[in-house]
Amino acid sequence: MAVRSMTAYATTSLETVAGTLTIELKSVNSRFLDLQFRMNDEFRAYEPFFRESIMQNIRRGKVECRLSFARGAQNPSSMKLNHDLLRELSGLQREIREQYPEAQAMTVNELLRWPGMIEEASPDQETLQRQVRQAMADTLDTFTAEREREGAALTRTLIDRVVAMQQIVGYVEPLIPKMVEQFKQKAIERMQETLGLAMEGGAAATMTQQEAAERIRQEVTLYGMRIDVAEELSRLKIHLDETRSILEKGGLVGKRMDFMLQELNREANTLGSKAAIKELSDASMELKLLIEQIREQVQNLE
């Protein structure tokens, strides 16, 4: 199943045995499936069928289904006179003219315009039902294809963003061991220098110089572990691989992508909080920017 966007529009017009039928489907983003119907009262009986058809094909989105109908010009062969009404009017006319001989007889035009004089043949309901169902199926096919086309375009954009994030991680990952080691070395040198100055100044020593040096190494090592982001980068790589896999497999990816973005954002924030060099800080900012761009687009996916 392809990745689908939640925004789409499709319409179908069909000449039925009763007139011109037009079906429109349009949808926008929604956390759940929200269906709305706009149709003539005479077609309300089809609403359960429309609802079932949509639910079989769509899982998320606010979908509006609009059905409009324009009755066509009547075919003469489908019209006939109401002979009972005609006989009743003729009888009434004779009674009136017996009492009022000067009264004029009704013309043919007046008789034809008399309410109920012309009876319209009812359309074949079985044929009409088949045509309405076919029109809905055609509209839904077009609608689904439109959602898939837009979904495919969004997927390509999202994968490009994921690849950009993978490249950022790939760039900073080799810097981490060297960064940690350099930081440790500089910190040891600064602390040893500070300790030496203190001793030269005659400060009372509470430990030997060797003990002090060992304590310095321990403290620096612990701090170096706290700024080491190798674990965060490793998790970022795993999450990015999974995110790309979700997009490439397709299907209903919206909610799964929401979860993955939460995980990616958590690791990017941790990376920024531990950043001890400018490259890491810049990488964190770039990652969060890309994550936000992906989040905006994911809101459109089913």
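Let's start in helix α8 (residues 254–273), where E263 and R266 sit three residues apart, about one turn of the helix. Helices here are DSSP runs of H or I with at least four residues, strands are E runs of at least two, and both are numbered from the N terminus. What you're looking at is a predicted model, so local features need pLDDT of at least 70 and side-chain atom pairs count only at pLDDT 80 or more, while totals for chains, interfaces and linings use all residues. Residues are numbered from 1 along each chain as its sequence is written, and side-chain values use heavy atoms, with hydrogens and water left out.

**The chain as a whole**

- The secondary structure adds up to nine helices and six strands.
- The chain has 302 residues, and 34% of them count as buried. Buried means under 20% relative accessible area, exposed means over 50%, and partly exposed is in between, using a 1.4 Å probe and protein chains only.
- The accessible surface comes to about 18,400 Å², and carbon and sulfur atoms account for 51% of it. These areas come from the Shrake-Rupley method with a 1.4 Å probe, and for residues, only the protein chains shown count as cover.
- Take the contacts between residues at least 6 apart in sequence: 81% of them join residues at least 24 apart. A contact here means heavy atoms within 4.5 Å.

**Salt bridges**

- A search of the whole structure turns up 15 salt bridges. To qualify, a side-chain nitrogen of Lys or Arg has to be within 4 Å of a carboxyl oxygen of Asp or Glu.
- Back in helix α8, the side chains of E263 and R266 meet in one of these, at 2.7 Å from N to O. E263 counts as buried at 16% relative accessibility, whereas R266 is partly exposed at 44%.
- Helix α7 (residues 230–249) has a pair with similar spacing along the chain: R235 and E232 are three residues apart, which puts about one helical turn between them. They form a salt bridge too, and their closest N and O atoms are 3.7 Å apart.
- In that pair, E232 is buried, with a relative accessible area of 4%, while R235 is partly exposed at 27%.
- R235 and E232 also belong to a network of salt bridges that links them with E231 and E267.

**Around E47**

- E47 lies in helix α1 (residues 47–57).
- Its salt-bridge partner is R44, and the closest N and O atoms of the two are 2.8 Å apart.
- E47 counts as buried because its relative accessibility is 19%. R44 comes in at 35%, so R44 is partly exposed.
- Leaving aside residues up to four places away in sequence, E47 touches F37 and M39.

**Aromatic rings**

- There are four aromatic pairs in the structure. One of them is F49 with F50: the ring centres are 5.9 Å apart and the planes are at 55 degrees, so this pair is tilted.
- For the labels, rings of Phe, Tyr and Trp (its six-membered ring) pair if their centres lie within 6.5 Å; planes under 30 degrees apart are stacked, over 60 edge-to-face, and the rest tilted.
- F49 and F50 are both buried.
- F49 and F50 also belong to one aromatic cluster, together with F43, Y46 and F69.
- F49 has a charged neighbour as well, since R133 lies over the face of its ring, at 4.1 Å from the ring centre. A charge sits over a ring if NZ of Lys or CZ of Arg is within 6 Å of the ring centre and within 35 degrees of the ring normal.

**A nonpolar patch on the surface**

- L81, V108, L112 and I118 form a nonpolar patch on the surface, with about 330 Å² of accessible area together.
- Patches are made of residues with over 30% relative accessible area and no salt bridge; like charges are joined within 9 Å, and nonpolar side chains (Val, Leu, Ile, Met, Phe, Trp, Tyr) within 5 Å.
- L112, one of the patch residues, is found in helix α3 (residues 108–113). L112 counts as partly exposed, at 40% relative accessibility.

**E150 and the start of the numbering**

- E150 is found in helix α4 (residues 125–172) and is partly exposed, at 28% relative accessibility.
- E150 and M6 are 144 residues apart along the chain, yet their C-alpha atoms are separated by 8.8 Å.
- Not counting residues up to four places away in sequence, E150 touches S5 and T7.
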